[in-house]
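Here's a quick briefing to read with the model open on your screen. Have a look at the fold, then work through the points by topic.

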Amino acid sequence: FIGETEPMRVLVTGGSGLVGKAIEHVVKQEGGCLEGEQWTFLSSKEANLVDLQQTRAVFEKYRPTHVIHLAAKVGGLYLHMKENLHFLRDNLRINDNVLQTSHERGVTKVVSCLSSCIFPDKTTYPIDESMIHNGPPHDSNFGYSHAKRMIDIQNRGYFAQHGRRYTAVIPTNVYGPYDNFNFENGHVLSALMHKTYAAKKEGTPLQVWGSGTPRRQFIYSLDVARLFLWVLREYDEIDPIILSVGEEEELPIKDAVEMIADALDFKGQIVFDTSKSDGQMKKTASNAKLRRYLPDFTFTPLSEGIKKTCDWFVNNYDIART
């Protein structure tokens with residue numbers, strides 16, 4: 001049993017993204033790396049995981065005992081709507097290449113990252129881990145969502161047929177340093193941070209798309225990273241686990257906008273453009289399973305996480321993805 005006899009060699013795919021950078025921070029700055037362990041953070045520049053040969057080559061090079069699989073083909077809402085087939089095929093390939101190569105090379109454990117957009121569109125709330133496959137996902141990005149759901153199916157297959165302990169986590173809306181701050185296809189908080197920063201600089205009102213009433217659960221990237229390490233080391237189930245703040249922390253986008261304005265000291269007018277669609281009004285997820293395992297885990301308060309992310313964005317504007 002590889003993991004017991006020698007230190008872990010962990011390969012993190014998608015290592016240059018939001019969650020990858022947060023895990024790197026926890027491993028390198030917060031003592032998340034135990035003695036003798038090797039951590040490799042892979043970016044798409046080093047290997048295109050859509051390609052099986054390149055995937056095999058990178059596993060041959062780093063010989064991981066454990067894999068954290070974050071890599072995915074993603075885009076903004078409108079690109080997903082236009083190219084659902086493209087996102088389906090690329091992500092099916094990436095996931096199959098990573099999981100099958102891990103299996104062939106005897107990797108002890110793989111922890112993959114699913115997305116809360118995979119939840120059924122028509123559902124009851126709160127959503128928990130047992131409900132992922134109970135009906136189709138939202139139609140806007142059905143390709144990406146179904147490809148992500150297949151990771152869970154494949155994990156069950158590797159366990160049933162080969163006894164492999166490959167599992168997955170489902171974070172709710174992640175935000176933090178190294179996010180994509182692009183107006184069009186960034187995540188909601190990071191796009192709003194960039195918009196607020198620009199409005200302040202130009203002395204114009206802040207235009208927020210939609211009414212500001214949809215409610216979301218936001219989780220700071222470093223909290224996700226700390227939980228990822230726990231899952232990698234301690235969580236033994238094949239079934240996925242939702243990584244989220246509690247249901248009572250779900251709040252309207254409007255409240256988050258005010259926290260962002262505060263953090264960036266934006267004093268101008270805030271205008272909600274209700275001609276733009278609101279999307280889903282809520283996607284409440286239950287963190288009861290996580291709480292059963294970790295009753296005492298403390299989440300970074302949203303206002304504090306927003307302040308830290310805004311500060312990072314302002315200080316790293318030249319390298320931020322905008």
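What follows covers the annotated span, the sheet, the helix packing and two backbone details.

Bear in mind that this is a predicted model. According to UniProt, in an unreviewed entry, residues 10-245 carry the annotation "domain: NAD-dependent epimerase/dehydratase". That span is 42% helix and 17% strand, and its end C-alpha atoms sit 27 Å apart.

**The sheet**

- Six strands make an open sheet with parallel pairing, and reading across you get β2-β1-β3-β4-β5-β10.
- The edges belong to β2 (38-41) and β10 (241-243); each has a single partner strand, so one side of each has no neighbour in the sheet.
- On average, neighbouring strands here are turned by 20° against each other, ignoring direction.
- Inside the sheet, β1 (residues 9-13) runs parallel with β3 (residues 66-69), and 4 bridges pair them.
- If you want a landmark for that pairing, take Val 12, whose bridge partner in β3 is Ile 68.
- Helix α2 packs on this sheet, where it touches β2 and β3, and its direction makes about 155° with that of β2.

**α2 against α8**

- Besides the sheet, α2 (residues 18-29) also meets α8 (residues 221-233): the two axes come within 8 Å and cross at roughly 70°.
- An angle from 65 to 115 degrees counts as roughly perpendicular, and α2 and α8 are therefore roughly perpendicular to each other.
- The crossing of α2 and α8 is right-handed.
- On the α2 side, the contact uses Leu 18, Val 19, Ala 22, Ile 23, His 25, Val 26 and Val 27. Facing them in α8 are Ser 221, Leu 222, Val 224, Ala 225, Arg 226, Phe 228 and Leu 229.
- Sorted by class, that contact has 11 nonpolar, 2 polar and 1 charged residues.

**α5 against α6**

- Helices α5 (residues 84-104) and α6 (residues 142-162) have axes 8 Å apart and pack at an angle of about 20°.
- Since angles under 35 degrees count as roughly parallel, that makes α5 roughly parallel to α6.
- α5 and α6 also cross in the right-handed sense.
- α5 brings a set of residues including Phe 87, Leu 88, Asn 91, Leu 92, Asn 95 and Leu 99. Among their counterparts in α6 are Phe 142, Tyr 144, His 146, Met 150, Ile 151 and Tyr 158.
- The full set of contact residues for α5 and α6 divides into 10 nonpolar, 10 polar and 1 charged.

**α3 against α5**

- α5 has another helix to deal with: its axis and that of α3 (residues 52-62) come within 10 Å and cross at roughly 45°.
- That leaves α3 and α5 oblique to each other, in a right-handed crossing.
- Leu 52, Thr 55, Arg 56 and Phe 59 of α3 make this contact with Asn 97, Val 98, Thr 101, Ser 102 and Glu 104 of α5.
- By class, the α3 and α5 contact comes to 3 nonpolar, 4 polar and 2 charged residues.

**Two backbone details**

- Tyr 125 and Pro 126 are joined by a cis peptide bond, with omega at about 0°.
- You'll find Pro 126 in the loop between β4 (109-113) and α6.
- Tyr 178 has a positive phi, near 70°, despite being a residue other than glycine.
- Look for Tyr 178 in the loop between β6 (173-175) and α7 (188-202).

How values were computed: Residues numbered from 1 in each chain as written. Predicted model: local features only at pLDDT ≥ 70, side-chain atom pairs only at ≥ 80, totals over all residues. Heavy atoms only, no water. Axes fitted to C-alpha atoms, helices over the stretch in contact; angles between N-to-C directions. Helix = DSSP H or I, 4+ residues; strand = E, 2+ residues; numbered from the N terminus. Parallel < 35°, antiparallel > 145°, perpendicular 65-115°, else oblique. Left-handed = near helix turned anticlockwise from the far one by under 90°. Contact = heavy atoms within 4.5 Å. Nonpolar A, V, L, I, M, F, W, Y, C, P; charged D, E, K, R; others polar. UniProt positions renumbered as here; feature names shortened; annotations may be inferred. Pairing = 2+ DSSP bridges.
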